[in-house]
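Let us take a walk through this model together. Please have the sequence and the 3D view at hand, and we will go from single residues to the overall fold and on to the helix pairs.

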Amino acid sequence: MKTLTVFWVIFLFPFAVFAQSGGNDVLSQLSQAMANQSWDQAIVLFNKVINSDVAKAEMYYWTEVDKNSAVCPRMAYALADYYENARNYDKSYLFYKELTQMKSDDVNSWVSCANMQVMRGKEKDALTMYLQALKLDPNNLTANIFVGNYYYFSAEQERQKIETSYTKLSAPTRMQYARYKNSLGEVMSGDYSKAKSYLQNVLQHFPSTEAQKTLDKIQLIEKEVNR
């Protein structure tokens, strides 16, 4: 019973137990650096903990770090970056999301968070985050590339639906043809137009061959729609 009690004390209060175990331990040094507000030293020590035992570092972050402290965003970034490099995109997203809440005006945090959503297969959520990044920096290259391509593929899917539906008509009437052309025009003025705008912005800042190819395709579709 005594052994079991000791186990639960260590499990529930790992850092309190650790702090009593000796000043040479990295976590003890980290806690001391935090108490002294020696933020640069704290980050160096925190990264050591991450590299030796990321689960312990994460628990320290959640239970011991004042979320209003100056060093908290740096620690969140260290964990986000570690998990991203380890391809644990769920955990990386979690900490990048933390950063967007702590630093809502930081473009890089929004872009990194959106990148992780893409890796998690959540493109729609990623779009919202990239658009937020573009509110802060309209010229952000990564965000413009993603948003431009997102709207292009969205427009392509909608156009294909319209084309498929129209080709099923054996003898379309003038009214049906008019509706078909109007539907194409709406897609052209909607998502194709948005895609065009963002991809043109890409080319203003970066000579992207792929962006130019997509813009050329949109131009051909526009000519076809307006024929």
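Is Thr 128 buried or exposed? Thr 128 is exposed, because its relative accessible area is 53% and the cut-off for that class is over 50%. Do keep in mind as we go that this is a predicted model. Thr 128 sits in helix α9. If you look from there to Trp 110, you will find a residue 18 positions away in sequence, with a C-alpha to C-alpha distance of 9.6 Å.

Now step back to the whole chain. The protein chain holds twelve helices and zero strands, and its pattern along the sequence reads α-α-α-α-α-α-α-α-α-α-α-α. Of its 227 residues, 36% are buried. Among contacts with a sequence separation of 6 or more, 51% join residues 24 or more positions apart.

Let us visit the helix pairs in sequence order, beginning with α4 and α5. Their axes come within 5 Å and cross at roughly 135°. That angle makes α4 oblique to α5, because it is neither under 35 degrees, nor over 145, nor between 65 and 115. On the α4 side, the contact is made by Phe 46, Val 49, Ile 50 and Ser 52, and on the α5 side by Val 54, Lys 56, Ala 57, Tyr 60 and Tyr 61. Sorted by class, the residues of this contact are seven nonpolar, one polar and one charged.

Next comes the pair that includes our starting helix. The axes of α9 (residues 123-136) and α10 (residues 141-167) approach within 9 Å, and they cross at roughly 135°. How are α9 and α10 oriented to each other? They are oblique, as follows from that crossing angle. The crossing in which α9 passes α10 is left-handed. To trace the contact in your viewer, select Glu 123, Lys 124, Ala 126, Leu 127, Tyr 130, Leu 131, Ala 133 and Leu 134 in α9, which meet Thr 142, Ala 143, Asn 144, Phe 146, Val 147, Tyr 150 and Tyr 151 in α10. By class, the residues in the contact of α9 with α10 are eleven nonpolar, two polar and two charged.

Further along the chain, α11 (residues 174-205) and α12 (residues 209-225) form another pair to look at, with axes that come within 10 Å and cross at roughly 155°. An angle over 145 degrees counts as roughly antiparallel, so α11 and α12 are roughly antiparallel to each other. Their crossing is left-handed. From α11, the residues in contact include Lys 181, Leu 184, Gly 185, Met 188 and Tyr 192, and from α12 they include Ala 211, Gln 212, Thr 214, Leu 215 and Ile 218. Further on, the list also has Leu 199 and Leu 203 in α11, together with Ile 221 and Val 225 in α12. The residues of the contact of α11 with α12 comprise twelve nonpolar, four polar and four charged.

The loops deserve a visit too. Gln 37 lies in the loop between α3 (26-35) and α4 (39-52). Although Gln 37 is not a glycine, it has a positive phi of about 55°. With a relative accessibility of 55%, Gln 37 counts as exposed. In the loop between α6 and α7 (89-102) you will find Arg 87, another residue other than glycine with a positive phi, here near 65°. Arg 87 is exposed, since its relative accessible area is 67%.

One more loop residue is Asn 68, placed between α5 (54-64) and α6 (72-85). Asn 68 has a relative accessible area of 73%, so it is exposed. Which distance separates the C-alpha atoms of Asn 68 and Met 102? They are 8.5 Å apart, while the two residues lie 34 positions from each other along the chain.

We can finish with the cysteines. Cys 72 is buried, because its relative accessibility is 0%, and Cys 113 is likewise buried, with a relative accessible area of 0%. How many disulfides are there? The count comes to zero, where a disulfide would need a pair of cysteine sulfur atoms within 2.5 Å.

Terms used: Residues are numbered from 1 along each chain as its sequence is written. This is a predicted model: local features need pLDDT of at least 70, side-chain atom pairs count only at pLDDT 80 or more; totals for chains, interfaces and linings use all residues. Side-chain values use heavy atoms; hydrogens and water are left out. Axes are lines fitted to C-alpha atoms, for helices over the stretch in contact, and angles run from 0 to 180 degrees between N-to-C directions. Helices (H or I, at least four residues) and strands (E, at least two) are DSSP runs, numbered from the N terminus. A crossing is left-handed if the near helix is turned anticlockwise from the far one by less than a right angle, and right-handed if clockwise. Contact means heavy atoms within 4.5 Å. Ala, Val, Leu, Ile, Met, Phe, Trp, Tyr, Cys and Pro count as nonpolar, Asp, Glu, Lys and Arg as charged, and the others, Gly among them, as polar. Buried means under 20% relative accessible area, exposed over 50%, partly exposed in between (1.4 Å probe, protein chains only).
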